[in-house]
Amino acid sequence: MEALYRKYRPRKFSEIVGQDHVKKILMRAIEEGKVSHAYIFSGPRGTGKTTTARVLAKALNCERRQNAEPCGECYACKAIDEGTFMDVVELDAASNRGIDEIRRIKEGASFRPIEGKYKIYIIDEVHMLTREAFNALLKTLEEPPPHVVFILATTNLEKVPATIISRCQVLEFRNLPHELIVERLEEICKTERIEVTKDALMYIAKRSMGGMRDAITILEQVWKFSRGKVDVKAVENALGLIGADVVDRYLESILKGNMSKLKEVIDDVYYSGKEMDVLLQEALEAAVEKVEKGKIEYLQISKALLGAVKEIKFFDNKKIYTMAFSFDLAQKLAGFIPEQGEPQSVKTEEKDVSKDETALKSKEKEDLERLMEYLRNEGDLAVFVALSLADEIKVDTGKLKIVFPKEKEFSYIILKEKILELEDAVRKSMGNLDVELSITDGSKRAEEVKNRILSLFGNAEEG
Ligand SMILES: Nc1ncnc2c1ncn2[C@@H]1O[C@H](COP(=O)(O)OP(=O)(O)OP(=O)(O)O)[C@@H](O)[C@H]1O
Ligand SMILES: [Mg+2]
Ligand SMILES: [Zn+2]
């Protein structure tokens, strides 16, 4: 089956969504018979450059043009739509970069049109041409044969030589506003009888970042995947997205410094088979959106997430990176939120911990706190996070014994991998101790230990 975005390629100016300034200039030029010999259509992917070039080609060759609009019915209009019209030549410069192609165009351009009134050369991704090819093209543009119109399309205008640009009329295509994308998708859904919710279309529009082709492609993907109603859940499922609810929970636990919730959310995402980088990306988008709405407390998170989205690419273990990053950020941010009081450092946490922790003698406890503080501030964050998930940490017969429950084997493995870093941190903060890692079946007093960890880390909610 033909892809939806091809099927719904606009065939007239009136069907092209947005780009009003471009349409206005072109339509007036057509009506007044003052079409330029060379245009550059510059702008983002999938926003209508090739589409508009073809409509312009039709308007110039149509036998029954109405004002600026091609009729869509005559031989020329139909042949151009089908790509069989001899006088409209499309060249993809991304795959034909060399001088030979341009020479061929130059030769062809010197002859009169065969079928129509104008010869039209549409060169896509023109910035990809080689320097020699650009030079050859420049010669043609300097002495344009009559009855020839060049339309050079590019997503990277800055890569087109200034000498070329100065010979062309540059028309800039823009990303399309979400509302216009939603409207177009609604039309398509109506014709295709796709059952859809408005929220889902808005969601798709946001994901496509202003590109109409991407939006239509996503719609089609979700539709085929869900085989039923296209709603927000269906979009999330089809695209492996995390979803607004979960993302909000994630952001909120960072903002509140709620470590246990934070860990829970990350686990949820992980165990539902979704990707960690998608979580960070969606969190970034959501945070930026909140800042735009005036929620300035999300500014710090946005900045941090911006870095994390780039950084996570370099890590093999994306989960541990996400944990380390998120815990660290939450920890830092907890100090910035006024209603949470003073940022809590481990040292000020003397109060009730020892009562709960009969297993830990107070010297040991201090030593451990020093270790955690060291890891958090100067050491390896991955080690810090992994250690924070241990079931039990104690000093016993000259050894630091760290016990993980079976379900946290993951953290155990991380620590095994990073044993040198851990030993180094232990030496620096606790003195000469061997480290012993072990793993047990079943979670031993998991709740109690979780509480201890939370208090060690200064759970802002408790403060
Ligand atoms: N402004 C628009 N109005 C309506 N549909 C559009 C518009 N822009 C893009 N589309 C849809 O996206 C498809 C691709 O558009 P087009 O080929 O014109 O994009 P482009 O700007 O040339 O992109 P690229 O830079 O990737 O070549 C069209 O077939 C159409 O379905
Ligand atoms: Mg194109
Ligand atoms: Zn026509």
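In which loop is R227 found? Hold on to that one, everybody, and I'll come back to it after the ligand. One reminder before we start: what you have on the screen is a predicted model.

Let's begin with ligand 1. There are 20 residues around this ligand, and the ones that come nearest are Y5, G46, K49, T51 and R213. If you sort the shell by residue type, you get nine nonpolar, six polar and five charged residues.

Where does the shell come from? Domain 1, residues 4–172, and domain 2, residues 178–239, each contribute at least three residues to it. In terms of helices, at least two shell residues come from α3, which runs 49–61, and at least two from α10, which runs 212–226.

Now for some individual contacts. R213 has a side-chain N or O atom 2.2 Å from an oxygen atom of ligand 1. R9 also points a polar side-chain atom at the ligand, 3.1 Å from one of its oxygen atoms. With G48 the backbone does the job: one of its N or O atoms sits 3.0 Å from a nitrogen atom of ligand 1. And how much of the ligand does the protein cover? On its own, ligand 1 has 620 Å² of accessible area, and the protein covers 96% of that.

Let's move along the chain to the largest nonpolar core. This core holds 62 residues, and Y250, L251, L305 and I402 have the most contacts inside it. The top contributor is helix α16, residues 318–334, which gives nine residues to this core. Domain 3, at 244–340, and domain 4, at 346–456, each supply at least three of the core's residues.

Back to the opening question, then. R227 is in the loop between α10 and α11, with α11 spanning 232–239. What caught my eye is its backbone: R227 is not a glycine, yet its phi is positive, at about 55 degrees. As a reminder, most residues other than glycine have a negative phi.

There is another case of this kind. T397, also not a glycine, has a positive phi near 40 degrees. You'll find T397 in the loop between β6, residues 392–396, and β7, residues 399–405.

So are these two buried or exposed? R227 has a relative accessibility of 76%, and because the cut-off for exposed is over 50%, R227 counts as exposed. T397 comes out at 69%, so T397 counts as exposed too.

That's my tour. Thanks for listening, and I'm happy to go back to any part of it!

Conventions: Residues numbered from 1 in each chain as written. Chains lettered and ligands numbered in written order. Predicted model: local features only at pLDDT ≥ 70, side-chain atom pairs only at ≥ 80, totals over all residues. Heavy atoms only, no water. Near = heavy atom within 4 Å. Polar contact = N/O pair within 3.5 Å; in protein donor to acceptor, adjacent residues only side chain to side chain. Areas by Shrake-Rupley, 256 points an atom, 1.4 Å probe, with all protein chains shown as cover. Helix = DSSP H or I, 4+ residues; strand = E, 2+ residues; numbered from the N terminus. Nonpolar A, V, L, I, M, F, W, Y, C, P; charged D, E, K, R; others polar. Domains from an automatic or database assignment. Core = buried A, V, L, I, M, F, W, Y, C linked by side-chain atoms within 4.5 Å. Buried < 20%, exposed > 50% of the residue type's maximum accessible area, 1.4 Å probe, protein only.
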